[in-house]
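The following report describes a single model, moving from its ring pairs to its packing, its pocket and a few individual residues. Please read it with the sequence and the coordinates open.

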Amino acid sequence: MLTDRLDRYIARNVLGAIIVVQVVLLGLDLVISYINDLDDVEGNYGAFQVLLYLLMRVPWRFYQYAPVAVLIGALIGLGSMASSNELTVMRAAGRSLARILWGVMKPIILVVVVVLLTAEYVSPRTEQFASAWRLEQMQGEGAVLVQRGGWQREGDSVYRFGAIRADDTVLDLTRYRFEGRELREAIVAERAVWRDGSWQLEEVGITRFFDDRTEAEHHAQHPWQTNLTPAQLNRLLLPINSQAPSELWAYSRFLRDQGLQATQPLLYFWQKMLMPLMMGSLVLVAASFVFGPLRTVAAGTRVFYGVIVGLTFKYLQDLLAPASTVFGFSPVWAVLTPILFSAGLGLYLLRRTG
């Protein structure tokens, strides 16, 4: 029972600190984002609508700040127990360092589960809904869901998409069909509508290229034969960092089937799937600071060093992400290398403390 009570006590302190840090981070981000987004006020999109839009995006922000909150929260939770000599008493009573760390990891498992569920089921939906709602407030009903285009290859065709609406209507579609390296057909449509499981192009201009002539024709409607679905187009046109891990994996497989590189979706996929290892490595670093070189310093100093470590971790991942594309190594290593480095650093410092 003593062991269980100590585990619960450690977990309560660490988890409470993580929640407080997460709330503070989300609050600061909300205030700063609200002030910045006030410049976008127009139409029915006023100051209150700006606040509602930012509140809709809280799940995505929660996911983004979770690793930093875990690192700083673990530093504060363990640091408060170290300052009151509670950790010293635990070790003097025969509690091993590994057993204390296991007590710290237990609430982290709960945080990991919540973060992964948020990344898979909550934040992708709230991000899409928030973007559509914001633009409909600014532009009226049927507003464009995204304002950036995208390119996609399928078989012998290359597509350019202008945008996709909240009702899965594709706007400003262009298709270039090739035979080898020669352009044979260009199709330009004002929109593509998904009806009864198939696409229908509207207001279509078709230009066919022959060796000795060019033919052009116009159709009010024209069928579009493609394997692309609204879900795949949403993956292509929506911000890739807000997509669910399952969607990222499906998108990477689709790109590979088309003979294209899938580095970017795989990079974000592994970042989300390896989140448990990332948090575990950051907790090891936090524990090594508390039991090691920072055990006698003030709490503010520990938090400062924790922020430095968190920023270093982030910048290392940001550096390796494009490097995986340039040098052609697997995206999983771009994500795993900072994690292994942090875990190695934490274990080394913990081992030095005994």
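## Aromatic pairs

Across the whole structure, which is a predicted model, a search finds eight aromatic pairs. One of them joins Tyr-45 and Tyr-53 in an edge-to-face arrangement, with 6.5 Å from centre to centre and 75 degrees between the planes. Tyr-45 has a relative accessible area of 0% and is therefore buried, and Tyr-53 is likewise classed as buried because its value is 8%. Another pair, formed by Trp-249 and Phe-269, is tilted, with a centre-to-centre distance of 5.1 Å and 40 degrees between the planes. This pair links distant parts of the chain, since Trp-249 belongs to helix H7 and Phe-269 to helix H8, 20 residues apart. The two partners fall into separate exposure classes: Trp-249, at 35% relative accessibility, counts as partly exposed, whereas Phe-269, at 10%, counts as buried. Elsewhere, ring pairs connect Tyr-159, Phe-161, Trp-194, Trp-199 and Trp-224 into a cluster.

## Nonpolar cores

In soluble globular proteins, nonpolar side chains tend to be buried together. In this model, the largest nonpolar core holds 54 residues, and those with the most contacts inside that core are Leu-78, Leu-87, Val-115 and Met-279. At least two core residues come from each of helix H1 (2-37), helix H3 (58-83), helix H4 (86-92), helix H5 (97-139), helix H9 (275-291), helix H10 (299-327) and helix H11 (331-353). A second, separate core has 25 residues, including Val-170, Leu-201, Leu-255 and Ala-262. To which residues does Leu-78 reach, leaving aside its neighbours within four places in sequence? Leu-78 is in contact with Val-14, Leu-87, Val-104, Ala-287 and Val-290.

## The largest pocket

The largest pocket encloses about 780 Å³ of space, and 27 residues line it, with Gln-64, Pro-67, Val-68, Lys-314 and Gln-317 lying nearest its centre. Two or more lining residues are given by each of H3, helix H8 (263-273), H9 and H10. Sorted by class, the lining of this pocket consists of 17 nonpolar, six polar and four charged residues.

## A buried serine and the helix before it

Helix H6 (230-237) and helix H7 (245-257) are joined by a loop in which Ser-242 has its place. Is Ser-242 buried or exposed? Ser-242 counts as buried because its relative accessibility is 8%, which is under the 20% limit used for that class. Not counting residues up to four places away in sequence, Ser-242 touches Trp-60, Ser-123, Pro-124, Glu-127 and Lys-272.

H6 itself is mostly covered, with seven of its eight residues buried. The buried residues of H6 are Pro-230, Gln-232, Leu-233, Asn-234, Arg-235, Leu-236 and Leu-237, a list in which Asn-234 and Arg-235 appear together with Leu-233, Leu-236 and Leu-237.

## Loop and strand positions

On the other side of H6, Asn-227 lies in the loop between strand E6 (214-224) and H6. With a relative accessible area of 61%, Asn-227 is exposed. Beyond its neighbours within four places in sequence, Asn-227 is in contact with Glu-154 and Gln-232, the latter being one of the buried residues of H6. The C-alpha atoms of Asn-227 and Asn-44, which are 183 residues apart along the chain, are separated by 38 Å.

Two aspartates have a positive phi, a value noted here in residues other than glycine. They are set out below with their places and exposure.

| Residue | Phi | Place | Relative accessibility |
|---|---|---|---|
| Asp-172 | near 55 degrees | strand E3 (residues 170-179) | 35%, partly exposed |
| Asp-196 | near 50 degrees | loop between strand E4 (182-195) and strand E5 (198-209) | 84%, exposed |

Asp-172 is thus found within a strand, while Asp-196 lies in a loop between two strands. Asp-196 is classed as exposed because its relative accessible area is 84%, whereas Asp-172, at 35%, counts as partly exposed.

Conventions. Residues numbered from 1 in each chain as written. Predicted model: local features only at pLDDT ≥ 70, side-chain atom pairs only at ≥ 80, totals over all residues. Heavy atoms only, no water. Core = buried A, V, L, I, M, F, W, Y, C linked by side-chain atoms within 4.5 Å. Buried < 20%, exposed > 50% of the residue type's maximum accessible area, 1.4 Å probe, protein only. Helix = DSSP H or I, 4+ residues; strand = E, 2+ residues; numbered from the N terminus. Contact = heavy atoms within 4.5 Å. 1 Å grid on protein atoms, 1.4 Å probe; cavity = no way out; pocket = protein on both sides within 12 Å on 5 of 7 lines; lining within 4 Å. Points joined across faces, edges and corners; volume = space filled by probe spheres on them. Nonpolar A, V, L, I, M, F, W, Y, C, P; charged D, E, K, R; others polar. Phe/Tyr/Trp six-rings, centres within 6.5 Å; stacked < 30°, edge-to-face > 60°.
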